Every structure is written in C-alpha cells, then in structure tokens.
Amino acid sequence: MNEVQETRATSVWPTAIRHGLITGGLLILFTLLIYALGMMQNRALGFVSILLLIGGMYIGTKNYREHVLGGFMSYGKAFTTAFLIGMVASVLLSVYTYFFYTFFDPGMIDVIVEQAEETMLQRNPELTDEQLDMALTMTRKMTQPGWLAGMGIITNGIASLIIGLILGIFLKKEDPFASQL
C-alpha cells in the first residue's frame, strides 16, 4: 500500500465524524428527554451530559485504535481522535441549541433570565433596581440563541480538549515493534 492509500485508510476523520455525530445525537436526545421531563434547570444533569461526552470520546477513540490502527496508537493520535470526536459532537449540539432556542421553544430564554434574576437577588439582596436592570440586560444579551450556541462550542471545545488530554493517557498503546523499524 502506498503512503497516500495508507493515510486515507487510517484517517481519523471518518471515525471522528461518525462517533462525534453519534455522541452529539445522544447528547441531543438526553437534552430532549430532560426538557420533556421539565428538568432543564437541573444543573446536576449537566454531569450526565459530561459523562455521555466522555463515553462517546472514549468508545470512538478505542474503536479507532482497535479497528483502524491495528490495536496500537500514540498519545498524540489518541488525543487528536478523542478531541475531534468531542468537537464534532459539540458543533452538532450547538446547532441543535441554536434551533431549539430560536424555533422550538424561544420562551425558555425568558425562564433562564427569570432564574438568573432570582439567583442574583438571593446572592445579593442589596442590589439596586438599576444594578439589577443592568445585570438582566447583560443576561438577556448573553442568552440569545446565537450566543448560547457559540458559547456551547467554546465550553464544550475546552471540555473536549481536557477530556482528550486525559483519555489520550489511557488509550495510547505504543507498538513495541515500531521502534525496531
């Protein structure tokens, strides 16, 4: 097999896209489930989303190592694979977030702003009306669908970076014969 064919045969992109779409799809289904159950404001369920992301990145990277790379993978390749899976899932989830808050339930933004107001007043009951209005104006700007989707890509991208760095440690498996070539 020549070098170009070998590169195509071992390209990370098909795996990253396939497992990223599966992981992103599962995250969307989970989000729809907690929405249907009326639990969108339950922050503890965010940890379940992180576990789904970790699971998708782990399974996809391990699958790539075992079925495409013949059971061996460097740390760099493990990190890259896991990170790309996470980023594909993040982009898919952010597109869903944009459409959800724009078309499906734009009223959820009002719920988020109301919850932010309650939290602000609980944490600082001495807020003046002017300070509260200024804070809520900023909150409304930051809870627009495009802003939420963009922040989702950034925060999930950072999470994917950190998770990828950690998973790379556990999923690398150096080929003992590669150093002899």
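**Entry 1. Terms and overall fold**

I count a helix as a DSSP run of H or I with at least four residues, numbered from the N terminus. With that in hand I looked up Trp147, and I found Trp147 in helix H7. I keep in mind that this is a predicted model.

Next I asked how many helices and strands the protein has. I found seven helices and zero strands. Reading along the sequence, I noted the pattern α-α-α-α-α-α-α. I then checked how spread out the protein is. The radius of gyration is 21 Å, and the globule rule gives 16 Å for 181 residues. The value is well over the rule, so I wrote the protein down as more spread out than a compact globule. Along the principal axes, the C-alpha atoms fill a box of roughly 70 × 30 × 30 Å.

I looked up burial and contacts for the whole protein. Of the 181 residues, 33% count as buried. Among contacts with a separation of 6 or more, 78% join residues 24 or more positions apart.

**Entry 2. The largest pocket**

I turned to the pockets. The largest one holds about 1,400 Å³ of space. Several helices give two or more residues to its lining: H2 (13-36), H3 (45-67), H4 (75-104), H5 (108-123) and H7 (145-171). Which helix gives the most to this lining? I found H4, with nine residues.

I counted 37 lining residues for the largest pocket. Nearest its centre lie Met40, Arg43, Gly46, Tyr101 and Leu148. By class, I have 20 nonpolar, 15 polar and two charged residues in this lining.

**Entry 3. The second largest pocket**

The second largest pocket holds about 170 Å³. I listed some of its lining residues. Among them are Thr10, Val68, Leu69, Phe72 and Met73. Lys77, Lys173, Glu174 and Asp175 are also among the residues that line this pocket. The class count for the lining is five nonpolar, two polar and four charged residues.

**Entry 4. Aromatic rings**

I searched the whole structure for aromatic pairs and got eight. I picked Tyr35 and Phe100 for a closer look. Why does this pair count as edge-to-face? The ring centres are 5.0 Å apart and the planes stand at 85°; planes over 60 degrees apart count as edge-to-face, so the pair gets that label.

I then placed the two residues. Tyr35 sits in helix H2 and Phe100 in helix H4, so this pair ties together parts that are 65 residues apart in sequence. Are they buried or exposed? Tyr35 has 25% relative accessibility, which makes it partly exposed. Phe100 has a relative accessible area of 3% and is buried.

The pair belongs to a wider group. Ring pairs link Tyr35, Tyr96, Phe100, Tyr101 and Phe104 into a cluster. I met Tyr101 before, among the residues nearest the centre of the largest pocket.

**Entry 5. Four single residues**

I began with Ala82, in helix H4. Ala82 has a relative accessible area of 0%; buried means under 20%, so Ala82 is buried. Which residues does Ala82 contact, leaving aside neighbours within four places in sequence? I found Met57, Thr61, Gly164 and Leu167. I also checked Ala82 against Ala44, 38 residues apart along the chain. Their C-alpha atoms are separated by 24 Å.

His19 came next, in helix H2. At 10% relative accessibility, His19 counts as buried. Beyond neighbours within four places in sequence, His19 is in contact with Ile59, Gly60, Asn63 and Ile85.

I went back to Trp147 in helix H7. Its relative accessible area is 41%, and I noted it as partly exposed. Not counting residues up to four places away in sequence, Trp147 touches Lys141 and Met142. How far is Trp147 from Asn63, C-alpha to C-alpha? I read 34 Å, with their positions 84 residues apart in sequence.

Last, I looked up Gly55 in helix H3. Gly55 is partly exposed, at 26% relative accessible area. From Gly55 to Thr15 I noted 40 residues in sequence and 15 Å in space, C-alpha to C-alpha.

Note on methods
Residues are numbered from 1 along each chain as its sequence is written. This is a predicted model: local features need pLDDT of at least 70, side-chain atom pairs count only at pLDDT 80 or more; totals for chains, interfaces and linings use all residues. Side-chain values use heavy atoms; hydrogens and water are left out. On a 1 Å grid over the protein atoms alone, a cavity is a set of points where a 1.4 Å probe fits but cannot get out, and a pocket is an open set with protein on both sides within 12 Å along at least five of seven lines; lining residues have an atom within 4 Å of a point. Grid points are joined across faces, edges and corners, and a volume is the space filled by probe spheres set on the points. Ala, Val, Leu, Ile, Met, Phe, Trp, Tyr, Cys and Pro count as nonpolar, Asp, Glu, Lys and Arg as charged, and the others, Gly among them, as polar. Rings of Phe, Tyr and Trp (its six-membered ring) pair if their centres lie within 6.5 Å; planes under 30 degrees apart count as stacked, over 60 as edge-to-face and the rest as tilted. Buried means under 20% relative accessible area, exposed over 50%, partly exposed in between (1.4 Å probe, protein chains only). The radius of gyration is taken over C-alpha atoms; the globule rule is 2.2 Å times the number of residues to the power 0.38. Contact means heavy atoms within 4.5 Å.
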